[in-house]
Amino acid sequence: MAEVESRLCPECEGVFDFPVPPALDRRDFLRVAGTGVAAAASLATVPLRVAAESPPVPAKKPRPAEELVRELFSGLKEDQKKRLVLPYNHGVNKDGKGTPGRLGMYNAPYGNLRMEEVLTKPQIELVDRIVKSMASGDDGYRLLSRGGTWDASKSFERCGATVFGDPNGKEPWAFLFSGHHLTIRCDGNFADGVAFGGPIYYGHTPYGYDPSNVFFPQTKAVLSVFDALDGKQREKAVVVGNPGEGAGSVKFRKKAEERPGILYKDLSKDQQALVAKVMREVLSPFRKEDGDEVMQVIEKTGGMEKIHLAFYADTKPKTGKKEKDAWSFWRLEGPGFVWNYRVLDHVHTYVNISSKLA
């Protein structure tokens, strides 16, 4: 997997080398229910005759991200395509060696080319719609955008958008969106056994155990599992050392190689329910199609029974905070599945899920 060095996050230096849909949780339920109550209250203030004569206009069905990518591609001028459109296997040499750039995890715009340098304002707005379509609604977009800050990128326009291949053709293609602490993509093929179209990366700068970090709910969900383990289970779950970061941290192990942590199948039913909550939480930012494919890969490679959950506790915070937190990394890992999540000092998450590469 190719990676690119960030010039935005000092702590990220050295990490990168250059060239089941989520269940409706209580918070979502209250938000949806609250919207319904507000709408009912608003309608009650409208005269009955007007309400009867003016039926509400049905909302437009959201367009898939891939359809919007095709619209973006079709509207690019030739000089824009020269900078933002690359061959599908860009980065692979004539001998077939090398990693395609589309499969990298990046901590900055691909090629350090920001959208504001190439795209018009309407085109940037279209990319924003694409990213929103790749998220699970408004709350998913809030997480991916880190509350609209885009982290050290500081603005959406300073992120990058790259197209590999021709979205209007019959051959495979991919759309890559990247910025500080973020690499996501779509490719229009949800049946190829590769979730998210390839490895993804996300993170957020605030201290990992602080509620100001938008991914703190993920940390809380995993903490609930750790707290539920008994002494013998923790002996299996807590791992000495460090799983590492970047591409090397999400390479799939060989079938005979032992995976660290405690197996899902060795947990009680209640504990398994907590792990299921973790799965819903980590998938919550992403659209239904991607969540579905993640679960399809897991089922194809042995099911949740093959997933290990591990906790690493060897990193101390550099922020001057007192060390009271139990661990610095947590990791979900199975055949063809790695979700490597660093909590301290801030969140870095590397994800690789594929039944083909297992």
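A residue counts as buried under 20% relative accessible area, as exposed over 50%, and as partly exposed in between. Arg142, with a relative accessible area of 32%, is therefore partly exposed. The structure described here is a predicted model.

Arg142 takes part in a salt bridge. Its partner is Asp139, and the closest N and O atoms are 3.0 Å apart. Both Arg142 and Asp139 belong to helix 6 (residues 137-144). They are 3 residues apart, about one turn of the helix. An α-helix has 3.6 residues a turn, so residues three or four places apart point the same way.

In total, 12 salt bridges are present in the structure. One of them joins the side chains of Arg287 and Glu66, at 2.8 Å from N to O. Arg287 sits in the loop between helix 9 (269-283) and helix 10 (288-300), and Glu66 in helix 3 (residues 65-75), so this pair ties together parts that are 221 residues apart in sequence. Arg287 is buried, at a relative accessible area of 3%. Glu66 is buried as well, at 6% relative accessibility.

A further salt bridge links Arg114 to Glu117, with 3.9 Å between the closest N and O atoms. The cut-off for a salt bridge is 4 Å, so this pair is counted. Arg114 is partly exposed, at 28% relative accessibility. Glu117 is also partly exposed, at 38%. Elsewhere, salt bridges link four residues in a network: Arg253, Glu257, Arg331 and Glu333.

Helix 9, which precedes the loop of Arg287, has 15 residues. From its first C-alpha to its last, helix 9 reaches 21 Å. This is close to the 21 Å expected at 1.5 Å a residue. Several residues of helix 9 are buried, among them Val275, Val278, Met279, Val282 and Leu283. The buried residues of helix 9 also include Gln271, Gln272 and Glu281.

Attention turns next to the nonpolar interior. In soluble globular proteins, nonpolar side chains tend to be buried together. The largest nonpolar core of this model holds 74 residues. The members that touch the most other members are Val127, Phe175, Phe177, Phe196, Trp330 and Trp339. Helix 5 (residues 121-134) gives the largest share of this core, with 6 residues. Another core lies apart from it and has 7 residues. Tyr201, Val250, Phe252 and Val338 are among the members of that other core.

Phe175 illustrates the contacts in the largest core. Residues up to four places away in sequence are not counted here. Phe175 touches Val69, Leu72, Val127, Ile130 and Met134, among others. Its contacts also include Ala161, Thr162 and Val163. Ile184, Arg185 and Cys186 are touched by Phe175 too.

Strand 13 (346-353) is enclosed. Of its 8 residues, 8 are buried, so strand 13 is largely enclosed by the rest of the structure. Strand 13 pairs with strand 7 (residues 200-207) in the antiparallel sense, over 6 bridges. Within this pairing, Tyr207 stands opposite His346. Strand 12 and strand 13 also run antiparallel, joined by 6 bridges. Val338 has Asn352 in strand 13 as its bridge partner. Val338 is also a member of the core of 7 residues.

Strand 12 leads into strand 13 through a hairpin of 3 residues. Asp345 lies in this loop, between strand 12 (337-342) and strand 13 (346-353). The peptide bond from Leu344 to Asp345 is cis, with omega near -10 degrees.

Positive phi values mark two other loop residues. Lys154 is not a glycine, yet its phi is positive, at about 75 degrees. Lys154 is placed in the loop between helix 6 and strand 4 (160-164). This residue is exposed, with a relative accessible area of 62%. His181, likewise a residue other than glycine, has a positive phi near 60 degrees. His181 is found in the loop between strand 5 (174-179) and strand 6 (182-186). At 0% relative accessibility, His181 is buried.

How values were computed:
Residues are numbered from 1 along each chain as its sequence is written. This is a predicted model: local features need pLDDT of at least 70, side-chain atom pairs count only at pLDDT 80 or more; totals for chains, interfaces and linings use all residues. Side-chain values use heavy atoms; hydrogens and water are left out. Helices (H or I, at least four residues) and strands (E, at least two) are DSSP runs, numbered from the N terminus. Buried means under 20% relative accessible area, exposed over 50%, partly exposed in between (1.4 Å probe, protein chains only). A nonpolar core is a set of buried Ala, Val, Leu, Ile, Met, Phe, Trp, Tyr and Cys residues joined through side-chain atoms within 4.5 Å. Contact means heavy atoms within 4.5 Å. Two strands pair if DSSP finds at least two bridges between them. The expected span of a helix is 1.5 Å times one less than its number of residues.
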